[in-house]
Structure formats: C-alpha cells, structure tokens
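Here are my notes on this model, jotted down as I went through it. Have the viewer open while you read, and check each point against what you see.

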Amino acid sequence: MYKGKVWRFVYGWRDRITWAFKYIGKHKTGMIQGDGYIGSGTKLHEIYNALGEEEFHKRYEDIILEFCFDKDSLNEAEIKWIDQEKTLYTYGGWNLSLGGDGGWDYVNQNKLHPQYNNKPLWSEIQ
C-alpha cells in the first residue's frame, strides 16, 4: 500500500497528428509517471486494443491537464475539460459520459442531452 503523496489530476489523450484531444479522464495515484494507467474508457480501450500498445503510443500522447486537491474539484475539472475539448462520443471523441461521478446512466435517467444540443442520448444511439 502506498503511503506517500496522492496526486489527483485530469489527463487527456491527444492525437499527435491532428492535435485534437480524443479522451479526457481523471486519475488518482501515488506516482505521476510510470504507474501504467491509460484510462478506463470503453472506447479508449477499443482503440488501444485495435492498434496495439506500440502503434497507440505512436499516434496518441497522454498529457496532464490539471491537478486537483480533492475528489469534488477533480470531478468538476473532468467535466470542464470534456466539455471544453468536445471529447464526447457524439462529437467523435472517446468519452461516453459527461464526466464527474455521473455517467450515461445518470444522463439517461435525468433525460440530459450532451451539451444541450438535442443530440441523441447514448441509450438511443445503441
């Protein structure tokens, strides 16, 4: 068990060719570099597995976007970055949720549309 400093941050996977962010996530760790975490996103893992580790890292780079002090600020920052970088699946990104503690279950239960743009809900896309 790690007993040192805990780092909380929002990170993104960015296409090295287009410079567009494809995925935004959050992470809490005792090691900023080298813990091997790529993210937990379903689409992120689909792309990673399809390309393989070497090709994936040739095409995409991970960047720490913002450090946070607690869980609430981490959730808020993730929501902000997903919105800012337009990484939701409906825009061609790999994020399937708006970020924070929510997820598509929360979006669907509350009839929220991503970005309030009348795009279909994730449950309607499937």
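1. A cut-off to start with: a residue is called buried when its relative accessible area is under 20%, exposed when that value is over 50%, and partly exposed in between. Asp15, at 3% relative accessibility, is therefore buried. Keep in mind throughout that this is a predicted model.

2. Which residue does Asp15 pair with in a salt bridge? The partner is Arg59, and the closest N and O atoms are 2.7 Å apart. The two come from distant parts of the chain: Asp15 sits in strand β1 (residues 7-15) and Arg59 in helix α2 (residues 53-59), 44 residues apart. Arg59 has a relative accessible area of 32%, so this end of the pair is partly exposed, while Asp15 is buried.

3. Next, Lys26 and Glu78. Their side chains form a salt bridge too, at 3.6 Å from N to O. Lys26 belongs to strand β2 (residues 21-29) and Glu78 to helix α3, so the bridge ties together parts that are 52 residues apart in sequence. Lys26 counts as partly exposed because its relative accessibility is 23%. Glu78 comes out at 8%, so it counts as buried.

4. Asn75 is worth a look alongside that pair. Its place is in helix α3 (residues 71-85), and Lys26 is one of its contacts. The others, once neighbours within four places in sequence are left aside, are Gly100 and Asp101. Is Asn75 buried or exposed? It is buried, because its relative accessibility is 7%.

5. A third salt bridge joins Asp83 and Lys86, with 3.7 Å between the closest N and O atoms. Asp83 has a relative accessible area of 34%, so it is partly exposed; Lys86 is partly exposed as well, at 38%. Elsewhere, salt bridges that share partners link Arg14, Arg16 and Glu61 into one network. The count for the model comes to 9 salt bridges. As general background, side chains of opposite charge can pair when their charged atoms come close.

6. Lys86 deserves a second mention for its backbone. Its phi is positive, near 55 degrees, and the residue is not a glycine. Where does Lys86 lie? You'll find it in the loop between α3 and α4 (104-109).

7. The other positive phi on my list belongs to Trp19, at about 65 degrees, again in a residue that is not a glycine. Trp19 lies in the loop between β1 and β2, a hairpin with 5 residues between its strands. With a relative accessible area of 53%, Trp19 is exposed, because the cut-off for that label is over 50%.

8. Staying with the hairpin: β1 and β2 pair in the antiparallel sense over 8 bridges. If you want a register check, Trp13 stands opposite Tyr23 in β2.

9. On to the pockets. The largest has a volume of about 280 Å³. It is lined by 17 residues, and those nearest its centre are Ile32, Asp35, Gly36, Tyr37 and Asp62. The elements giving two or more residues to this lining are β1, α2 and β3 (60-68). How does the lining of the largest pocket divide by residue type? It has 9 nonpolar, 5 polar and 3 charged residues.

10. The second largest pocket has a volume of about 220 Å³. Of the 17 residues that line this one, Tyr23, Ser40, Gly41, Asn95 and Ser97 are the closest to its centre. Tyr23 is also the residue that Trp13 stands opposite in the hairpin. Which strand gives the largest share of the lining of the second largest pocket? That is β2, with 4 residues. By type, the lining divides into 6 nonpolar, 9 polar and 2 charged residues.

Notes:
Residues numbered from 1 in each chain as written. Predicted model: local features only at pLDDT ≥ 70, side-chain atom pairs only at ≥ 80, totals over all residues. Heavy atoms only, no water. Buried < 20%, exposed > 50% of the residue type's maximum accessible area, 1.4 Å probe, protein only. Contact = heavy atoms within 4.5 Å. Salt bridge = Lys/Arg side-chain N within 4 Å of Asp/Glu carboxyl O. 1 Å grid on protein atoms, 1.4 Å probe; cavity = no way out; pocket = protein on both sides within 12 Å on 5 of 7 lines; lining within 4 Å. Points joined across faces, edges and corners; volume = space filled by probe spheres on them. Nonpolar A, V, L, I, M, F, W, Y, C, P; charged D, E, K, R; others polar. Pairing = 2+ DSSP bridges.
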